[in-house]
Amino acid sequence: LRERHHTQRPDAEIADEAGQLCRLAGLGAIPTVRPDRVRSRELRMLEWVRAFMGSPALVVLVFPERDASSGAGSACVQLVERARAAGTAVLWISDDTEVWRHPAMESAAHFQIKDERWIPLNGEEA
């Protein structure tokens, strides 16, 4: 809806981008049923699609791998890498260390929040 109501992009262009992002997220196609008829793991992955639609300057992902299908974290990492290559800043908040072990995440800065402070991990796991 953001792209439809806050940009001048044609609906066909928006649908094409959403379809591409759905495929990258591992969904295959844009669901055409009401949200209450879509499984929770697919809804989670659709959150990623909405987050990366358009050209966002910043995307904040809060535990995006939760409730997604197994192996979907890798698909989310691909979406993050695509966005970062386009100049988008991404803040990914997670307690899943498997996310940080993904090869594409090696160049990312990793922090641990301790005593209300952000502590750089310098390559060490939390």
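User: What makes the contact between Glu13 and Arg9 a salt bridge?

Analyst: In this predicted model, the side chains of Glu13 and Arg9 meet at 2.8 Å, taken from N to O. The cut-off for a salt bridge is 4 Å between a side-chain nitrogen of Lys or Arg and a carboxyl oxygen of Asp or Glu, so the pair of Glu13 and Arg9, at 2.8 Å, qualifies.

User: Why are Arg9, Glu13 and Glu17 called a network?

Analyst: Arg9 meets Glu13 in one salt bridge, and the side chains of Glu17 and Arg9 meet in another, at 2.7 Å from N to O. Arg9 takes part in both pairs, and the three residues are accordingly linked in a network of salt bridges.

User: Why is Glu17 called buried, and why does Glu13 count as partly exposed?

Analyst: Buried means under 20% relative accessible area and exposed means over 50%, with partly exposed in between. Glu17 has a relative accessible area of 11%, so Glu17 is buried, whereas Glu13, at 41%, falls in the range between the two limits and therefore counts as partly exposed.

User: How do you know that Asp95 and Arg66 form a salt bridge, and what does the pair tie together?

Analyst: The side chains of Asp95 and Arg66 meet at 2.8 Å from N to O, which is within the 4 Å limit, so the pair is a salt bridge. Because Asp95 lies in the loop between S2 and helix H5 (97-101) and Arg66 in the loop between S1 and helix H4 (72-85), the pair ties together parts that are 29 residues apart in sequence. Asp95, at 54% relative accessibility, counts as exposed, while Arg66, at 37%, counts as partly exposed. A search of the whole structure finds seven salt bridges.

User: How do you know that S1 and S2 pair?

Analyst: Pairing requires at least two bridges between the strands, and strand S1 (residues 58-62) and strand S2 (residues 89-93) have five, in the parallel sense, so they count as paired. Within this arrangement, Leu91 in S2 is the bridge partner of Val60. The covered face of S1 holds Val59 and Leu61, and its uncovered face holds Leu58, Val60 and Val62.

User: What makes Trp92 stand out in the largest nonpolar core?

Analyst: Trp92 is one of four residues, with Trp48, Phe52 and Leu61, that touch the most other members of this 26-residue core. H4 gives the most to the core, with six residues. Leaving aside neighbours within four places in sequence, Trp92 has contacts that include Leu61, Cys76, Val77, Val80 and Trp100.

Methods
Residues numbered from 1 in each chain as written. Predicted model: local features only at pLDDT ≥ 70, side-chain atom pairs only at ≥ 80, totals over all residues. Heavy atoms only, no water. Buried < 20%, exposed > 50% of the residue type's maximum accessible area, 1.4 Å probe, protein only. Helix = DSSP H or I, 4+ residues; strand = E, 2+ residues; numbered from the N terminus. Core = buried A, V, L, I, M, F, W, Y, C linked by side-chain atoms within 4.5 Å. Contact = heavy atoms within 4.5 Å.
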